[in-house]
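Me: Please take a close look at the aromatic side chains in this model. I would like to know how they are placed and what they pack against, in one connected account.

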Amino acid sequence: TWQLLSVLVVASADMTFSFRGLDISLPQAKFAPPQRWVLQPRRAVESRSGITTEVLEASNRETVRKVLELVDERSERWAPVVEGGRTRVWQLKQGGHACILAKGVIDADPRRVYELFAEAQRAKDFNEYCEQCVDIDRLSQDTKISWSVTKSFASGFFKPRDFVTLCHYTDLKDGSRCIVNRATTHVAKPVHAKYQRAEVLLGANIIKPLGRGRTHLTLLTEINPGGAIDNKLGATIANQIVKRSPLAFFDAVERA
């Protein structure tokens, strides 16, 4: 079962967060220490935000559609990066930031893998760069907003990055489970001088059961690291990290 976090919202003035070209008014909120998600009725997001459930669901569907279109490694848009071993990695040939696709089979039960990704506080168990990850808001039973911060890079030369990310969970027709992520903003986590705000432009994990406790795992990620690293030299460093990370990521998910 999902062991997601919960928030206690204390409303006052209006605020706005946005994602994928949408602007959404929500009550300004203060958040209690995370305990457990309280599942909200289908229309709850409307009553406290002004965005219709239909608009949120349409945005989620479009993001899932885009992900499913992108994860076909046979497309000419992908260039092989790692072809040997159990994890194969491709890089998008065109794009301002490195967009990486990785696929492989791990010896882990798909239900456990899905639950691992659903628990924000467990991100450090499989992401070597994660320092902290918490859930800060929930928009529906299958959509939440998380905040995460990385460790510093290059022996402290680059500031830690922080992310505010909209996460949506869904089941696919073939029995796979899919988690899609994209950048957003939230009043609870404004830009702070301690961190460099970065963005998950598009991210996804697709978990496909293979039977006998094995999982076919797909990873798609495109990140704008922001700040000084968002230049030619920084892109070179970031690209090397992104190319190596999927291999470590798959190993870590299997162990977690």
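Reply: A residue counts as buried here if its relative accessible area is under 20%, with the protein chains alone considered and a 1.4 Å probe used. W147, at 4% relative accessibility, therefore counts as buried. Y195 comes out at 17%, so Y195 is buried under that cut-off too. The model is a predicted one.

The aromatic pairs come next. The structure holds four of them. In one, the ring centres of Y114 and Y169 are 6.0 Å apart and the ring planes meet at 90°, so the arrangement is edge-to-face. This pair connects distant parts of the chain: Y114 belongs to helix α3 (residues 110-118) and Y169 to strand β8 (residues 161-171), with 55 residues separating them. Both Y114 and Y169 are buried. Another pair is formed by W147 and Y195, whose ring centres are 5.9 Å apart; the planes stand at 65°, so this pair is edge-to-face as well. W147 is in strand β7 (residues 143-150), while Y195 is in the loop between β9 (177-183) and β10 (196-197), so the contact ties together parts that are 48 residues apart in sequence.

Each of these two pairs includes a ring with a charged group over it. For W147, the charged end of K189 sits over the ring, 3.9 Å from its centre. For Y114, R177 lies over the face of the ring, at 3.8 Å from the ring centre.

Ring pairs also join F117, F249 and F250 into a cluster. Two of those residues, F117 and F249, are among the residues with the most contacts inside the largest nonpolar core, along with F126, L217 and V253; this core has 25 residues. The elements that contribute two or more residues to the core are β5 (99-106), α3, β6 (130-140), β8, β12 (214-224) and α4 (232-255). Helix α3 supplies the largest share, five residues. With neighbours within four places in sequence left aside, F249 is in contact with F117, F126, N205, L217 and L219. A second core, separate from this one, has 15 residues and includes L70, V71, W78 and A204. In soluble globular proteins, nonpolar side chains tend to be buried together.

W78 also leads to the strands. Strand β3 covers residues 78-82 and pairs with strand β4 (residues 87-92) in the antiparallel sense, over four bridges. Within this pairing, A79 has Q91 in β4 as its bridge partner. The two strands, β3 and β4, make a hairpin with four residues between them, and G85 in the turn has a positive phi of about 80°. Strand β4 also pairs with β5, again in the antiparallel sense, over five bridges. There, V89 is matched with A102 in β5. Strand β5 is one of the elements that give two or more residues to the largest core.

The cysteines remain. A disulfide would need two cysteine sulfur atoms within 2.5 Å, and by this rule the count is zero. C99 is buried, at a relative accessible area of 3%. C133, at 17% relative accessibility, also counts as buried.

Definitions and conventions: Residues numbered from 1 in each chain as written. Predicted model: local features only at pLDDT ≥ 70, side-chain atom pairs only at ≥ 80, totals over all residues. Heavy atoms only, no water. Phe/Tyr/Trp six-rings, centres within 6.5 Å; stacked < 30°, edge-to-face > 60°. Buried < 20%, exposed > 50% of the residue type's maximum accessible area, 1.4 Å probe, protein only. Lys NZ or Arg CZ within 6 Å of the ring centre and 35° of its normal. Core = buried A, V, L, I, M, F, W, Y, C linked by side-chain atoms within 4.5 Å. Contact = heavy atoms within 4.5 Å. Pairing = 2+ DSSP bridges.
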